[in-house]
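Let's take a walk through this structure together. Have a look at the picture first, and then we'll go through it piece by piece.

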Amino acid sequence: MFKPPLQNTSAPRDQEPDADLQKILDWHAKRRERLLRGEYESHVLRLSELVNQNMESPMRIGAVRVEGATNTRKSFLASLIDPVLAQPANTLEDVLHTTRRISQTLQKSNLFKHVEARLESSRQPLASPQDVDVVFKTRELGRYYLNTSTELGNNEGTASATARIRNVFGGGETFEANMAAGTKTKKSFRGALSFPLSSDLRTYGELLAYGLERDHTSYASCTEDAKGFKAIVRNGSHNEGYHELAYEVVHRYLGNLAPTASMSMRSAAGPSTKSALSLTYIRDTRDDQIAATRGFYIRLFQEIAGAGAKIPLRSGMSTATTAQTPSSIGLGGDASFYKAEAETQVSRQIVDGVSMSVALRSGILLGLSDKPVAPFPDRFQIGGPTSVRAFKSFGMGPRDGPDSLGGDIFYSLGLSLVTNIPRKPHWPVKAHTWINAGQLDSLNYGEPSISAGLGIIYRFDPIRLEVNFGMPLTANKSDVLRRGIQVGMGLEFL
């Protein structure tokens, strides 16, 4: 039996402590951890060398199995996997690349929260020794989602309830229903079913039914009730850019006119129906959608509604000539116009903590029928803290008394310089100075309106809050100014 005093057996070379018992225990625990980590790294290295040395070994995929996909149709999984298997795999390297591509496709489907792959000896009756089965162990995301929230954005407060069902019919479909009530959009409902249209999951379709009631009394003496349906085909991705082709039919009703409503607004009141085709292209490379320091954003939108162009149709035929009369073929509805919009923003960091942003928005609206003016809901409206600052919200352009009538053509330009608060670069509060210019008018337009100012930006994810002090420098007679302090909340700012 050992009796103290004992000789010191610590190993100075390994920095073993020689006094405190707890330090000795901690030293042994760290040493075991280092040994295990070294063994693991050694095994990984040996396995990597073994795989690399056998990359050209003959190997084929006998079958692919997906375990854990209890709510997903086998036919849908086959539509995702078969195009990948169409590429021949004759070596171990080919099999590993094919397995990686299938795994990426399954993760891209947004149906699984866990995907793990392994190779097994093939179970096929006529399999050769070189055949293997690729097995994916998966765990599906939850099918049902319910959420209630209060949101602030684009100078509007909204309370909403959202329900979502994922993988409705087992083919990657998602159904989402939303009901909301707010300060400007008094009430709204929306039901949408989206589904993949291609095996590479780059093309999606969406069927959407919606209804809403908007309060326009802050700038026009009416409310708007709208109910519509929209079918969309979308291709691409957010970063690479995506195209969206849509057909929409919507019935609008302008009513609840205020006693002070102008004659122009009284003439615009009543029902209108729009049946339109639209094409949208969007690409966004910004590092931050709220306060970008690099990258760009671009959105191009075109819409054609109503009758469109006239084409000649044969109405009769004689032995000498063929009579042709122009006949109108279109989409229906009583709104007939061509509309185009463009929006872009470029952000760059000048020095550390200081970035500059340039934004441009423009649009044009051309009537395609005998009516000189498009319906009020389709006309452009600009002005306000998220648009041309130091002007009233939707307060620019043609007016009739208290009502903003909207315009056929507009443009707005913004230049902003954003800086960190001194000694507090991590704060969500930034300072900025800006100059805005813009105009909303008929096709015969005049001089632009210009404003400038400075303010504070507060990042209140997922929205941006601005408190600005601004002054109009030039303005048209019809524009409604907003000097001094102006508060804006929203997702997109000029």
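Which side chain does E303 meet in a salt bridge? The partner is K274, and the N to O distance is 3.0 Å. Keep in mind that this is a predicted model, so every distance here is a computed one. E303 sits in strand β12 (residues 295–305) and K274 in strand β11 (residues 270–284), so the pair ties together parts that are 29 residues apart in sequence. Both partners are tucked away: E303 is buried, with a relative accessible area of 5%, and K274 counts as buried too, at 8% relative accessibility.

Now let's step back for the overall picture. The chain has 494 residues, and buried ones make up 37% of them. You can pick out 4 helices and 23 strands. If you take contacts between residues at least 6 apart in sequence, 58% of them join residues at least 24 apart. On the outside, the chain exposes about 28,500 Å², with carbon and sulfur atoms supplying 57% of that area.

Back to the salt bridges. A search of the whole structure turns up 27 of them. One joins the side chains of E240 and R202, at 3.0 Å from N to O. This pair links distant parts of the chain: E240 is in the loop between β9 (223–237) and β10 (241–255), while R202 is in the loop between β7 (185–196) and β8 (203–215), 38 residues apart. R202 counts as partly exposed, because its relative accessibility is 28% and the cut-off for buried is under 20%.

Another salt bridge brings together E224 and R214, this time at 3.8 Å from N to O. Here E224 belongs to strand β9 and R214 to strand β8, and they are 10 residues apart. Are these two partners buried or exposed, or in between? E224 counts as buried at 5% relative accessibility, whereas R214, at 34%, counts as partly exposed.

Next, find a helix. α3 covers residues 92–108, which makes 17 residues, and it reaches 24 Å from its first C-alpha to its last, close to the 24 Å expected at 1.5 Å a residue. Which of its residues are buried? They are L92, V95, T98, T99, I102, S103, T105 and L106. Looking down the axis of α3, you'd see these buried residues fall within an arc of 160°, so they line one face of the helix. There's a general reason behind such a pattern: an α-helix has 3.6 residues a turn, so residues three or four places apart point the same way. Just after α3 comes N110, whose phi is positive, near 60°.

Finally, let's visit the surface. I350, V351, M356, V358, L360, L413, L415, L417, I435 and L473 make a nonpolar patch of about 800 Å² there. Where do these residues come from? β15 (337–351), β16 (354–367) and β19 (409–420) each supply at least two of them. L415 is a handy one to look for: this leucine lies in strand β19 and counts as partly exposed, at 36% relative accessibility.

Conventions:
Residues are numbered from 1 along each chain as its sequence is written. This is a predicted model: local features need pLDDT of at least 70, side-chain atom pairs count only at pLDDT 80 or more; totals for chains, interfaces and linings use all residues. Side-chain values use heavy atoms; hydrogens and water are left out. Helices (H or I, at least four residues) and strands (E, at least two) are DSSP runs, numbered from the N terminus. The expected span of a helix is 1.5 Å times one less than its number of residues. Buried means under 20% relative accessible area, exposed over 50%, partly exposed in between (1.4 Å probe, protein chains only). The arc is that of the directions from the helix axis to the C-beta atoms. A salt bridge is a side-chain nitrogen of Lys or Arg within 4 Å of a carboxyl oxygen of Asp or Glu. Patches are made of residues with over 30% relative accessible area and no salt bridge: like charges are joined within 9 Å, nonpolar side chains (Val, Leu, Ile, Met, Phe, Trp, Tyr) within 5 Å. Accessible areas come from the Shrake-Rupley method with a 1.4 Å probe; for residues, only the protein chains shown count as cover. Contact means heavy atoms within 4.5 Å.
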